Every structure is written in C-alpha cells, then in structure tokens.
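The following report walks through selected local features of one structure, from a helix to single residues, an aromatic cluster and enclosed spaces. It is meant to be read with the coordinates open.

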Amino acid sequence: MDDYRGRVPSTPSSPTNPPATDPQPLDAQPLDPPPATAPAPTPRPRAHDRDILRLAVPAFFALVAEPLFVLVDSAIVGRLGTPQLAGLGVAGAMLTTLVNLCVFLAYATTAAVARLLGAGDPRAAIRQGLDGVWLAALLGLALTVVGLVTAPWIVAAFGASDSAGPYAVTYLRIGSLGVPAMLIVLAATGVLRGLQDTRTPLLVAVLGFSANLLLNLGFVYGLHWGIAGSAWGTVIAQTGMAAVYLVTVVRGARRHGASLRPDLAGIRASAGAGAPLFVRTVSLRAILIGATVAATRMGDTSIATHQVAWQVWTFLAFALDALAIAAQAIVGRALGAGDATGARAATRRMLVWGVWTGALFAIVVVAARPLYIPLFTADPAVRHLLAGTLLAVAVLQPVAAAVFVLDGVLIGAGDGRYLALTMPLVLAAFGAALGTVLALGGGLIAMWWWAIGTFMLARVILLGHRVRADAWLVTGRR
C-alpha cells in the first residue's frame, strides 16, 4: 500500500503503435527510450477485458465501501435515540452532498494523470496529481471554516426539529473538521486511478471502514461521548485514510523527482479542469432533488416508495460507476499515448460490458422483487407501488450503463466542457417530462417511466452523439 507501483507504457505510442498491455513499473528508472520495433497490433477485445476487469473490480468494491460509513454511523447513533439519529440525518445529508459536489476532484485528476502517464511522463503525471491534492486541501480548509461558523444556520435551513437540531449542529461542526481529509481522499484517489491503480483505494477504503467502526463503537459506547463520539470517530478515520494516500503519493513523487511544493498555476489549472465537472454534478443533483420533491407532493406512500427505488438505483449505480472509472483511466492513458484508435476500441468494448451488465441487473431487479421488497417495508401499499416502480428501474438499467460508460469516456478524454454545456438540455428535457407527468395527474410510476426515463435517454443521446464524432479524440499531453 505504501510502496506504490504505477504503470507506464513500455513502448512509445502513436495511433499506429498503441501502448503495451503489460507496462513497466512506475519506479523503473531511468526511462530509457526502447529500441525501434515494428508497430504493435491493436489490442484484441480480450486485452481490453483484462484492463477493464483489473480497474473496475477493485473500484466497485471501493465504491461500495463508501456508503458503509454512513450506515455504520446510523446504526450506532440510532441506538442513542430518535433525536440523535435525526440530527445525524440532517448533518450527514449536508456532508454527503458536499462530498458528491466535490467529486470533480477525483474525476478531473484521474483524466489528467492518466493522460500524462500515457504520454510516458510519470513525473509530470504525479506533479499534476499533486496540484489536485493541493486544490483539495485548500478547498477543504475553506469549507471547514464555513461549516464551523454556519452550522446552526445550515441545520435551521434543513428544518431540523428543536430536539434534533442541537445534535445536528454538534455532528456538523465536528464533521466539518474532516472535510479537508475527505477532499484529499477524493483527489488522491484520482491520482492513483490515473496511475492505473484501483487496488490501493480499495485497501484504504476497507481499512478506513474498519477503523470507523471500531472508533465509533469505542467513543460512543466505551467513552459515552454520544453523537459527538460518532463524529470524532469518522473524522479520525477519514484523516487516517488521507494520511495513507498522502504517504503513497509523496513516495511516488520523491521516487520520480516531482516537486511537492504547491504550484499556483497548476492548482488553477486543476480548478479550471474541474469546473465543468462541478457544473455537471450540480445539474445531476438538481434532477435528483426535483424528482424527490415531486414524489413528496404525491403523498407519503409515493415518497417512501421513491426513496427505496432510488436506493436500489444508487446501489446498482456503484457497479456501473466502476466501469466509468475504468473508462476514465483507460481512455485518458490511451489518448495521452497518442492512441486514438485504441481509445475508440476500448470505448466500444466497455460499452458492450456496460450494456450486458445493465441487462443482467435488469433481470435480477425484476426476478428478485419478492425476495428484497419485504426487507424494505411491511406496508402493503408501498410494496405494491414499489413492485411497479422497480419495473421502470430495471428497464432503464442498460440505458444507465451506456450513460455511465460514455460519461467516463468523455471525462477521461478531458471533454468536461461538452458535459457541462449539454446539461441544460438534459435539465430541460427532464423538467418538461416531469411537468407533463404532474400536469396530467400521473403518479410515481409514471414519473419514473417518463421523467427519469427521459433524463437517461437525453443523456445517452447527447453522449453517444459526441463519442461517435472525433472531436473528443484529442491526443498527446493536451
């Protein structure tokens, strides 16, 4: 874990000479130019499959580990009482939203590092990654100050009750101290993903989850610190994860002679690359909020059903997001190596993987409904509505899979500007469909079929149109 090995292509790359599929360790020094060789053939699908699996499988388990932090906190705090659990719900929602909005730190860093790695310059790749880490640290410190000062007003804006409010303020203030660590983890994860390493983030996630569990149990029940103990346990676990990442990245930087000092120009460049992805993420969150508000107005049965359906959707999205992460790393590396043909071939292969995975999920979601619906609710009305809603969730899975892969491809290509510019069209399509459903008196099932369905179809059409063209195939260091 702390002796990181990245990968670089073992031969120079060009559109006719793609990067080798078994690259050298990152710490192989010096990087002497290899002797001239005949152009290597375009990798076969099986070679792409190995690359996809090597990156996507560890990424999936690391992604699944992330929400377990919230589940552990909820399970431990829930035994303290309802007001404490409600307070955690308010503060946790704020902190989770903040992390989701800052995910650009991981995505933009992955693309930039992978491109420079593909270009055969691991030193510049790590330097670029460090700029992203510095940006995360500075942004995290600013957000910590904001959280400490404005916690009471934020909690009041969420409408917390008088009994839950003080607990929410306590958790949010302590949790704000962990924001720099959370953002550093995002950026450093992007560094390692760009270096084609998803195993180290998996190991750190598992260790972080274990530490969070033990610390929460010790502080809450052993020391009787209450909800403050849960917050401190999570902050310490997050700080430990950030420390492991920093040690790993710093060792890689020293091994390749990359400067550790903050570079203002590099930090500004990282912020500029992340800005379009921030716009994209805000737009996606707006759609989620719009759907939740609409379901709330349909009544308690509808909002309860929607929350369960969305949790099922979110869990499935973790697996699909693993493919997107693989796409970011593979496409960024290929384009950095000048291998536009390989980038397009890998994209086609990942689309095949994604659509088949989505189809498999669709079958499981439908066939297993009698097994898992009773786990969520005993209300007959919710069960009945949920069974119908999950049909829409299932049918949309292949489309969602294509969207995730294409989104990852364009992020890996550094085409965030296109993603940001097309989101208003997606928002407009979703808004029109949702407005039509509500105007016609449609219920939750209609909202999922028409509004969520339109949202996903609009994205797959716009993303597919871009990928079919050549504008995103910008090769070299960029």
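In this predicted model, the buried residues of helix H2 are Gln-84, Gly-87, Leu-88, Val-90, Ala-91, Gly-92, Leu-95, Leu-98 and Val-99. Helix H2 itself covers residues 82-101, which is 20 residues, and its span from the first C-alpha to the last is 28 Å, close to the 28 Å expected at 1.5 Å a residue.

One of these buried residues, Leu-88, is also among the residues touched by Asp-73. Asp-73 belongs to helix H1, residues 45-78, and it counts as buried because its relative accessibility is 4%, where the cut-off for buried is under 20%. Once residues up to four places away in sequence are set aside, Asp-73 touches Gly-78, Leu-88, Tyr-171, Asn-212, Asn-216, Ser-230 and Thr-234. Asp-73 and Ala-469, by comparison, are 396 residues apart in sequence and 46 Å apart in space, taken from C-alpha to C-alpha.

A second aspartate, Asp-121, lies in the loop between H3 and H4. With a relative accessibility of 22%, Asp-121 counts as partly exposed, since the class of buried residues ends at 20%. Leaving out neighbours within four places in sequence, the contacts of Asp-121 are Leu-116 and Arg-477. Asp-121 and His-256 are 135 residues apart in sequence, while their C-alpha atoms are 9.7 Å apart in space.

Two loop residues deserve a look at their backbone angles. Most residues other than glycine have a negative phi. Gln-196, although not a glycine, has a positive phi near 70°, and its place is the loop between helix H6 (179-194) and helix H7 (199-222). His-224 likewise has a positive phi, of about 60°, without being a glycine, and it is found in the loop between H7 and helix H8 (227-255). Are these residues buried or exposed? Gln-196 counts as buried because its relative accessibility is 4%, whereas His-224, at 66%, counts as exposed.

The aromatic side chains offer another view of the interior. A search of the whole structure finds seven aromatic pairs, and two of them are set out below.

| Pair | Geometry | Centre to centre | Angle between planes |
|---|---|---|---|
| Trp-310 and Trp-313 | stacked | 6.1 Å | 15° |
| Trp-310 and Trp-448 | tilted | 5.6 Å | 50° |

Trp-310 and Trp-313 both lie in helix H10, residues 300-336, where they are three residues apart, about one turn of the helix. An α-helix has 3.6 residues a turn, so residues three or four places apart point the same way. Both Trp-310 and Trp-313 are buried, and Trp-448 is buried as well. Why does the pair of Trp-310 and Trp-448 tie together parts that are far from one another in sequence, 138 residues apart? Trp-310 lies in helix H10 and Trp-448 in helix H16, so the pair links parts of the chain with that separation. Together, Trp-310, Trp-313 and Trp-448 form one aromatic cluster.

Helix H16 appears again among the enclosed spaces. A search of the whole structure finds three cavities of 30 Å³ or more, and the second largest cavity has a volume of about 50 Å³. Its lining consists of Arg-280, Asp-407, Leu-419, Thr-422, Met-423, Val-426, Arg-459, Leu-462 and Leu-463. The elements that give two or more residues to this lining are helix H15 (416-439) and helix H16 (444-468), and H15 gives the most, with four residues. By class, the lining of this cavity has five nonpolar, one polar and three charged residues.

The second largest pocket, an open space, holds about 460 Å³. It is lined by 24 residues, of which Ala-108, Ala-112, Ala-273, Gly-414 and Arg-478 lie nearest its centre. Two or more residues of this lining come from each of helix H3 (104-118), helix H4 (122-157), helix H9 (264-297) and H15, and the largest share, nine residues, comes from H3. The lining of the second largest pocket divides into 13 nonpolar, six polar and five charged residues.

Methods. Residues numbered from 1 in each chain as written. Predicted model: local features only at pLDDT ≥ 70, side-chain atom pairs only at ≥ 80, totals over all residues. Heavy atoms only, no water. 1 Å grid on protein atoms, 1.4 Å probe; cavity = no way out; pocket = protein on both sides within 12 Å on 5 of 7 lines; lining within 4 Å. Points joined across faces, edges and corners; volume = space filled by probe spheres on them. Nonpolar A, V, L, I, M, F, W, Y, C, P; charged D, E, K, R; others polar. Phe/Tyr/Trp six-rings, centres within 6.5 Å; stacked < 30°, edge-to-face > 60°. Buried < 20%, exposed > 50% of the residue type's maximum accessible area, 1.4 Å probe, protein only. Expected span 1.5 Å × (residues − 1). Contact = heavy atoms within 4.5 Å.
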